[in-house]
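Please open the structure in a viewer and keep the sequence panel visible. The tour proceeds by selection, one stop after another.

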Number of protein chains: 2
Amino acid sequence: MPPTRFSAAEYAAGVLAGNRVALSRAITLVESTLPSDQALAQQVLQTVLPHTGRALRLGITGVPGVGKSTFIEALGLHVVEQLGKKLAVLAVDPSSPRGGGSILGDKTRMPQLAAHAHAFIRPSPSSGSLGGVARATREALLLCEAAGHEVIFVETVGVGQSETTVHGLVDFFLLLMLAGAGDELQGLKRGIMEMADALLITKADQGNETAARRARREYQNALHLFPPAASGWYPPVLLTSAVAGTGIAEVWEMLENYQAQTQANGFWQERRRQQQLQWLHQSIRQALESRFYGEPGVRERLPAIQQAVAAGEMTPFAAAQELLGL
Amino acid sequence: MPPTRFSAAEYAAGVLAGNRVALSRAITLVESTLPSDQALAQQVLQTVLPHTGRALRLGITGVPGVGKSTFIEALGLHVVEQLGKKLAVLAVDPSSPRGGGSILGDKTRMPQLAAHAHAFIRPSPSSGSLGGVARATREALLLCEAAGHEVIFVETVGVGQSETTVHGLVDFFLLLMLAGAGDELQGLKRGIMEMADALLITKADQGNETAARRARREYQNALHLFPPAASGWYPPVLLTSAVAGTGIAEVWEMLENYQAQTQANGFWQERRRQQQLQWLHQSIRQALESRFYGEPGVRERLPAIQQAVAAGEMTPFAAAQELLGL
């Protein structure tokens with residue numbers, strides 16, 4: 001028996017009432033690649049859109065082993081328990097197979113948070129291209145806002161293309177680093193440090209404090225050498241210890257300072273405006289490219305042409321002309 | 001009277017013979033936006049293509065005032081006089097009006113080099129989008145190689161989008177910096193430091209040596225905090241003084257070391273392969289987008305739709321769907 005199909009109005013009403021089951025099902029709908037589901041999803045989104053945009057959207061990235069789950073559980077509990085706010089945790093990880101658990105694949109990674117009534121945790125959509133996953137995550141974020149979640153974490157692994165995507169989704173981009181000299185950079189993508197609004201050194205635990213403080217000083221010096229950001233914000237380097245339970249309140253305080261400063265100078269609003277427009281043009285580009293590369297003539301000729309171009313036997317422009325003429 | 005129009009074979013023969021007038025005219029041809037010129041240009045390029053790819057391609061960037069002209073003249077004279085090699089200097093600067101002189105607008109910026117028989121200096125094409133200028137520069141580079149130039153400098157101002165373009169054109173990307181604390185970063189684009197294969201601190205002149213050495217140490221420390229590059233190369237920080245005439249031979253020696261190391265580990269060849277493929281797909285993307293955004297229906301609706309998206313009244317995906325349906 002197929003699952004009951006709700007109308008757009010029913011989905012929207014359930015989401016706006018903060019019903020977790022409705023929210024989950026609406027997210028499943030935006031993740032669907034079926035054209036009929038997508039059309040319905042857009043109707044739901046259009047209905048809830050006036051009720052979105054009010055959350056603080058925080059991107060969190062770092063290589064595996066840096067302690068992302070532990071940090072998210074600690075900051076998340078601070079948000080729901082100390083601040084009494086509703087939190088949603090989303091993930092962007094196109095490489096993760098369903099249930100594979102490489103990132104938020106199951107809720108046992110953050111058991112206390114997952115059990116809390118004010119926290120909503122959703123694993124990464126498992127299907128599709130990065131573009132598709134990114135769109136689904138962006139729309140899931142809007143649905144969570146419509147459902148009354150005041151803080152959204154978007155988690156990603158800092159090793160691929162996905163952190164650029166997440167950077168385009170959030171108000172603040174936090175990079176988690178280990179204190180060990182050199183090792184922490186293994187696997188981290190070049191360019192990611194300059195995207196960070198703050199660095200957080202994890203596992204600054206007893207016995208590791210000296211290394212953590214040295215790492216903080218080094219990163220702080222390095223960040224000062226970067227060109228200043230348009231926001232007027234200087235990315236700080238913070239320390240946290242899950243063992244000692246320290247540094248979490250400071251992270252939240254920093255986020256509030258950032259929000260106050262950039263809302264006052266208009267950067268916060270402008271960043272969101274720019275993100276919206278970037279998403280529009282990226283959606284168009286993806287659709288144009290997906291149509292083009294899907295054409296039978298192009299699919300057939302492309303491998304030989306790519307080989308000729310890579311070997312320097314054909315100029316890229318001439319090759320493009322040939323493909324565009326098919 | 002219109003200028004004499006050569007055949008593709010005549011252009012190619014002149015270029016391959018190393019005739020400077022033929023090279024200049026062939027570059028003018030690839031810069032032309034007329035469809036008939038572009039078709040002819042592609043024939044010329046296809047003919048000379050087997051004779052390209054042998055030069056060392058060096059990208060040079062830095063903010064205005066950093067001393068790019070002085071450095072290019074000094075390194076260029078080293079190449080043509082000490083090493084006896086043929087050099088071509090190209091520029092990518094879409095913002096420069098013809099003859100405006102903001103970058104290579106006239107040859108008085110590097111008078112000795114411009115007068116040398118083994119140096120060929122070509123200002124940035126003045127017309128068109130960054131995409132068009134980038135294509136023209138890439139094709140001019142191939143023509144210069146076919147004309148026997150063994151070293152190519154591609155110069156750009158490090159303040160816009162063009163340095164990413166140049167990075168995709170060259171084997172080695174050199175970022176020029178001033179030693180002054182903080183000031184040197186004004187106007188420099190975020191992310192550019194992580195693209196650099198080396199940093200060169202200019203104006204390390206007498207009286208300024210302490211600041212220059214301190215800057216070198218700071219940048220070297222900062223670069224060590226970046227994730228290692230796929231090339232296995234660690235970007236060094238060098239000093240140069242035009243006044244004292246120091247540091248130029250060291251830059252060349254570094255380039256040779258880089259070439260030897262990355263040709264041995266295969267990265268040099270792989271970078272060029274990847275660049276070729278990127279240019280193919282960028283050319284296709286530009287053509288698809290230029291067709292799409294040029295459609296009358298899209299042109300008419302786009303402003304209102306962008307406004308609705310930026311204001312959060314319409315999801316980017318729904319907006320894209322509407323435009324794609326026009």
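The stops below begin with one whole chain, pass to a few of its strands, and then turn to the interface and to individual side chains.

**Chain A as a whole**

The model on display is a predicted one. Select chain A, which contains 13 helices and seven strands. Of its 326 residues, 53% count as buried. Among contacts in chain A with a separation of 6 or more, 74% are between residues 24 or more positions apart.

**Three strands of chain A**

Next, select strand E6 of chain A, residues 198-201. Are its faces covered or open? Both faces are covered. Ala198(A) and Leu200(A) are buried on one side, and Leu199(A) and Ile201(A) are buried on the other.

Add strand E5, residues 172-177 of chain A, which pairs with E6(A) in the parallel sense over four bridges. Within this pairing, Leu200(A) in E6(A) is the bridge partner of Leu176(A). Then add strand E7, residues 237-239 of chain A; E6(A) and E7(A) also pair in the parallel sense, over three bridges. Here Leu199(A) has Val237(A), in E7(A), as its bridge partner.

**The interface of chains A and B**

Now display both chains. In this interface, 59 residues of chain A are in contact with 60 residues of chain B. The size of an interface is often given as the accessible area lost when the parts come together. For chain A and chain B, the area buried between them is about 5,300 Å², with 65% of it on carbon and sulfur atoms.

The rule finds 14 residue pairs in polar contact across this interface, both residues being at pLDDT 80 or more. Which helices of chain A should be selected on this side? Helices H3 (35-48), H6 (130-146), H8 (192-195), H9 (209-224), H11 (267-294), H12 (296-310) and H13 (316-324) each supply at least two residues of the side that touches chain B. The largest share, 15 residues, comes from H11(A). By residue class, the side of chain A that touches chain B divides into 36 nonpolar, 11 polar and 12 charged.

**Salt bridges between the chains**

Side chains of opposite charge can pair when their charged atoms come close. Two salt bridges are found across the interface of chain A and chain B. Select Glu289(A) and Arg285(B), whose side chains meet in a salt bridge at 2.8 Å, N to O. Then select Arg285(A) and Glu289(B), which form a salt bridge with their closest N and O atoms 2.9 Å apart. Arg285(A) lies in helix H11 of chain A and Glu289(B) in helix H11 of chain B, so this pair joins two chains. Arg285(A) is partly exposed, with a relative accessible area of 31%.

**A loop residue beside chain B**

Move to Thr315(A), in the loop between H12 and H13 of chain A. Is this residue buried or exposed? Thr315(A) counts as buried because its relative accessibility is 2%. Beyond its neighbours within four places in sequence, Thr315(A) is in contact with Val309(A) and with Gln42(B), Leu45(B), Gln46(B), Leu49(B) and Leu142(B).

**Two salt bridges inside chain B**

Finally, select Glu139(B) and Arg135(B), which form a salt bridge with the closest N and O atoms 2.8 Å apart. Because they are four residues apart in helix H6 of chain B, about one helical turn separates them. Both Glu139(B) and Arg135(B) are buried.

The last selection is Arg273(B) with Glu270(B), a salt bridge at 3.6 Å, N to O. These two residues are three apart in helix H11 of chain B, so they too are separated by about one helical turn. Arg273(B) is partly exposed at 39% relative accessible area, and Glu270(B) is partly exposed at 35%.

Methods
Residues are numbered from 1 along each chain as its sequence is written. Chains are lettered from A and ligands numbered from 1 in the order in which they are written. This is a predicted model: local features need pLDDT of at least 70, side-chain atom pairs count only at pLDDT 80 or more; totals for chains, interfaces and linings use all residues. Side-chain values use heavy atoms; hydrogens and water are left out. Contact means heavy atoms within 4.5 Å. Buried area is the accessible area (1.4 Å probe) that two parts lose on being put together, summed over both. A salt bridge is a side-chain nitrogen of Lys or Arg within 4 Å of a carboxyl oxygen of Asp or Glu. A polar contact is a pair of N or O atoms within 3.5 Å; within protein, one must be able to donate a hydrogen and the other to accept it, and residues adjacent in sequence count only if both atoms are side-chain atoms. Ala, Val, Leu, Ile, Met, Phe, Trp, Tyr, Cys and Pro count as nonpolar, Asp, Glu, Lys and Arg as charged, and the others, Gly among them, as polar. Buried means under 20% relative accessible area, exposed over 50%, partly exposed in between (1.4 Å probe, protein chains only). Two strands pair if DSSP finds at least two bridges between them.
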